[in-house]
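Student: I'm new to this one and I'd like to see how the labels are earned. Could we go through it together?

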Amino acid sequence: MTATARPSGSASSRTGVPRTPDASLERAELGSARRRPAGHRFRTRVLTPYAMLAPAILLFLAFMAAPIVYTVVLSFQRVQVQGLGLGSGARKTVFAGFSNYVAALDAEFLASVGRVLLYGLILVPTMLGLALLFALLLDSKRSRATRFSRLVIFLPYAVPGVIASLLWGFLYLPAVSPFYFVTDALGLDAPTILSSDLIVFGLANIGLWGGVGFNMVVIYTSLKAVPSDIYEAARLDGCSEIQIALRIKVPIVFPALVMTGLFSLIATLQVFAEPTTLRPLTNALSTTWSPLMKVYRDAFTRDDLGAAAATSVIIAIVTLTMSFVFLRIVQKRAFGQED
Amino acid sequence: MTTTASTRTRVTAPRRSSAGSSATTLRPSPIATGILIIGALYCLIPVVWVVAASTKSAGELFSSFTLLPSTHLFDNLAQLSAYRDGIFWRWMLNSAIYAGVGAIASTWVSALAGYVLAKFTFPGKAAVFSILLTGVLVPGVILAIPQYLLLAQLGLTNSYLAVLLPQIISPYAIYLARIYAAAAVPTDVVEAARTEGAKEFTIFNRIALPMMLPGLVTILLFQFVAVWNNFMLPYIMLGNDTLFPVTVGLSGLLNQGASAPSMYTLVIAGALVSVLPLVLLFLLLQRFWRVDLAAGAVKA
């Protein structure tokens, strides 16, 4: 599920844009003015950037813009069956207004949103908290075995979510799990993770396992960018390592934390692969456990594209709103000093 | 918290003033190291388990302590290879094709677009860039179903292209490529080549691309992992299991295991084998896994 870390330095990219390219245009214009027949050459110069952008733009239109538009269109349509529903003219697509949206906001959907919010509430703070802790410890001069730890904690990033779910799924399965073997041997009554009460923790653990290392490295990297003189000065002033960590390092990595937090949040709302993989091992996961699983069921099992599209639009809007609100809340603190 | 007091007294104690020495005078902390080791062990649990479990026969899997290795690793691998005429290896090959071709195409398209956005001025540039950038925020998996419906109208679903094409466009990779291009390709060099009369595509392929290469390797690796790990898109697009990537294939195998637990040994051996290529790629190309680059932290 890992949230790919994104622009921790979005502001700096702005300054990185070179101001020079105007020169090429000027030269092209001058050239065309000097030699009359060079008009053709001028035209190619002007068209070149568009030609070079064409692959990206075409792919963007075909696989991002068109699907988005199509989803919105579908969400306002429904299929009307006439008569017995036989024959070519019997199924007609009609404008549905907001009826798909009204239908989409049913108890099942709200329950799935509730489950996923709980999942995110467990996963994101735990994952970021541990990622920050590990990053600070890696950066601390008092830690040992840092190379080994960094490598091993990052390693699950290379394991697909499906495979991670599969491995943890077996570790949750009492018949094959070493944990249950140990608790049985000790005569303890271990909680069943693959039960409807605890499965959300099981899923959060899979997300944590896959994501903590990546986020740790993102935070660790932004720590490394800080010149160490600051810490030296703080130490000479009598700061303890813990004070340095809390008063200097945490504020410095705050922008990185915000970005990793935001993208983890978005990723949790879209959870699909992990619960889908775990389903064969437990009865605790319904086909509508997460909102995207419900979209999948509506589209492919029920053949109700209008409902699937409306649900998709709702998920997208909620995701975007949450991102904006989240950024608004933390923006001042995180990026205030950059402007 | 008890360490706070002791550290403070030590730091304020008279010390050599040379800047580098203070680091070495800090005593190693068993607590700090211990927490890191616990974190590392947590990350190793499933790995250790799958290595041990893949050496067991179906009977042993359910009867013996699972972290105790047995001797049936090669039996299990042979069984896995024999399953439906070696369809597992077909899945592995498919994953390699999807991830390899997809990552290369995606990196090239992103590099080209990023370079143009960084080094050219043209009407509509700001608009193109901001539209592409909003794509970063669009939840990718939500697009999978409409992508399926659109491709179905072209009759392209259930094919390699159905999984490859939608994953080539990556707004985030374009965003990164733009930052790399701005930082790594000096405008003077591009200008000089232009004055020499070089064609723009030649300048990109011969001059800019090599200069951007270190950053592009990072994009390539992250795109490779993203495609290799993708589940929902191929799960939706493909019906024919000879086209499955290994993630979808193993997930289906586990599904069958629910009714026939003997399949579990196949799934476990398959999980082990499927993880190896990426772990190897990861360990061998360690210096290219530049998360800092992927996070956009390039000093422009």
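Tutor: Sure, and keep in mind that this is a predicted model. Let's begin where the two chains meet: about 10500 Å² is buried between chain B and chain A, and carbon and sulfur atoms give 77% of that area.

Student: What makes that area "buried" between chain B and chain A?

Tutor: Buried area is accessible area that the two parts lose on being put together, summed over both. The figure of about 10500 Å² is therefore a total for chain B and chain A together. On chain B's side, Leu36(B), Tyr42(B) and Leu137(B) supply 7% of what that chain buries against chain A, more than any other three residues. Helix 3 (residues 30-53) of chain B gives the most to the side touching chain A, with 15 residues.

Student: How many residues does the contact take from each chain?

Tutor: It takes 121 residues from chain B and 111 residues from chain A. A residue counts when heavy atoms come within 4.5 Å.

Student: What holds for salt bridges and polar contacts across the interface?

Tutor: The rule finds 0 salt bridges between chain B and chain A. That rule asks for a Lys or Arg side-chain nitrogen within 4 Å of an Asp or Glu carboxyl oxygen. Polar contacts have their own count: 9 residue pairs, both at pLDDT 80 or more.

Student: Why are Val182(A), Leu186(A) and Leu188(A) called a nonpolar surface patch?

Tutor: Patch residues need over 30% relative accessible area, and nonpolar side chains are joined within 5 Å. Val182(A), Leu186(A) and Leu188(A) pass that test, so they make a patch, about 290 Å² in area. Leu188(A) sits in the loop between helix 8 (178-185) and helix 9 (199-224) of chain A.

Student: How do you know which parts to trust in chain A?

Tutor: pLDDT is the predictor's confidence, from 0 to 100. Among chain A's elements, helix 5 (residues 107-139) has the highest mean, 94, and helix 1 (residues 10-15) the lowest, 37. Over residues 1-37 of chain A, pLDDT is below 50. Where pLDDT is low, the predicted coordinates should not be read in detail.

Student: And what are the averages?

Tutor: Chain A averages 81, and chain B averages 83.

Methods
Residues numbered from 1 in each chain as written. Chains lettered and ligands numbered in written order. Predicted model: local features only at pLDDT ≥ 70, side-chain atom pairs only at ≥ 80, totals over all residues. Heavy atoms only, no water. Patch = residues over 30% accessible without salt bridge, like charges linked within 9 Å, V, L, I, M, F, W, Y side chains within 5 Å. Areas by Shrake-Rupley, 256 points an atom, 1.4 Å probe, with all protein chains shown as cover. Helix = DSSP H or I, 4+ residues; strand = E, 2+ residues; numbered from the N terminus. Buried area = accessible area lost by both parts, 1.4 Å probe. Polar contact = N/O pair within 3.5 Å; in protein donor to acceptor, adjacent residues only side chain to side chain.
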